[in-house]
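Here is a short report on one protein model. It starts from a single residue and works outward to the whole fold.

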Amino acid sequence: MQATAYTYDPETRSGSVLLDDGTPVPFGTDAFDAGGLRLLRPGQRVRIEVQPTKDTPTITLITLQTF
């Protein structure tokens with residue numbers, strides 16, 4: 001699944017992305033670290049893997065989108 005980086009806090013290595021429908025979805029340190037990224041800038045296209053849950057999806061991996 002693809003999304004756009006929305007927020008990122010380098011101290012906690014967590015933030016949020018916007019899905020293509022505009023829905024914000026938070027990601028935690030574990031998802032950021034799993035992707036091997038060092039930095040994320042708002043507006044970057046990213047690829048995410050999610051685990052469905054009752055309320056909101058949980059992002060388990062976030063990496064840069066490559067074409």
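Proline 26 is the starting point, and it lies in strand S3. The model is predicted, not experimental. At 53% relative accessibility, proline 26 counts as exposed, because the cut-off for that class is over 50%. Sequence neighbours up to four places away aside, proline 26 touches Gly15, Ser16 and Ile59. The link to isoleucine 59 spans 33 residues in sequence. In space, the two C-alpha atoms are 7.3 Å apart.

**The strands around proline 26**

Strand S3 covers residues 24-27. Its partner is S2, in the antiparallel sense, over 4 bridges. Within S3, valine 25 stands opposite valine 17. The hairpin of S2 and S3 has 4 residues between the strands. Glycine 22 takes a positive phi there, near 90 degrees.

S2 itself runs over residues 14-19 and also pairs with S1, residues 2-9. That pairing is antiparallel and has 6 bridges. Tyrosine 8 has glycine 15 of S2 as its bridge partner. The hairpin of S1 and S2 again puts 4 residues between its strands. Here arginine 13 has the positive phi, near 55 degrees.

**After S3**

What follows S3? Glycine 28 sits in the loop between S3 and helix H1, which spans 29-34. Is glycine 28 buried, exposed or partly exposed? Its relative accessible area is 33%, so glycine 28 is partly exposed. Setting aside neighbours within four places in sequence, glycine 28 is in contact with Arg13 and Ser14. Arg13 is the residue with positive phi in the hairpin of S1 and S2. Glutamine 44 is 16 residues from glycine 28 along the chain. Their C-alpha atoms are separated by 17 Å.

**S4 and S5**

Strand S4 takes in residues 45-51 and pairs with S1. The sense is antiparallel, over 3 bridges. Two facing pairs can be named. Threonine 4 stands opposite arginine 45 of S4, and alanine 3 has valine 46 of S4 as its bridge partner.

S4 is joined to S5 by 6 bridges, and the two run antiparallel. A hairpin of 6 residues connects them. Arginine 47 has threonine 63 of S5 as its bridge partner.

Threonine 63 lies in S5, residues 58-64. Is threonine 63 buried or exposed? Its relative accessibility is 14%, and the limit for burial is under 20%, so threonine 63 counts as buried. Beyond neighbours within four places in sequence, threonine 63 is in contact with Gly35, Leu37, Val46 and Arg47. Arg47 is thus on two lists: it is a contact of threonine 63 and its bridge partner. Val46 also has a double role, in contact with threonine 63 and bridged to alanine 3.

The strand pairings are set out together below.

| Strand pair | Sense | Bridges |
|---|---|---|
| S1 and S2 | antiparallel | 6 bridges |
| S2 and S3 | antiparallel | 4 bridges |
| S1 and S4 | antiparallel | 3 bridges |
| S4 and S5 | antiparallel | 6 bridges |

**The whole protein**

How many helices and strands does the protein have? The count is 1 helix and 5 strands. In sequence order, the pattern is β-β-β-α-β-β.

The protein has 67 residues, and a compact globule of that length would have a radius of gyration near 11 Å. The protein has 11 Å, so it agrees with the rule. Its C-alpha trace spans about 30 × 25 × 20 Å along the principal axes.

Of the 67 residues, 30% count as buried. Threonine 63 is one of the buried residues. The protein exposes about 4400 Å². Carbon and sulfur atoms supply 52% of that area.

Contacts can also be sorted by sequence separation. Taking those between residues at least 6 apart in sequence, 42% join residues at least 24 apart. Proline 26 touches Ile59, and these two are 33 residues apart in sequence.

Charge comes last. There are 6 positive and 8 negative side chains. The centres of the two sets lie 6 Å apart.

Technical notes. Residues are numbered from 1 along each chain as its sequence is written. This is a predicted model: local features need pLDDT of at least 70, side-chain atom pairs count only at pLDDT 80 or more; totals for chains, interfaces and linings use all residues. Side-chain values use heavy atoms; hydrogens and water are left out. The radius of gyration is taken over C-alpha atoms; the globule rule is 2.2 Å times the number of residues to the power 0.38. Buried means under 20% relative accessible area, exposed over 50%, partly exposed in between (1.4 Å probe, protein chains only). Contact means heavy atoms within 4.5 Å. Accessible areas come from the Shrake-Rupley method with a 1.4 Å probe; for residues, only the protein chains shown count as cover. Lys and Arg count as positive and Asp and Glu as negative; His and the chain ends are not counted. The place of a charge is taken as NZ of Lys, CZ of Arg, CG of Asp or CD of Glu. Two strands pair if DSSP finds at least two bridges between them.
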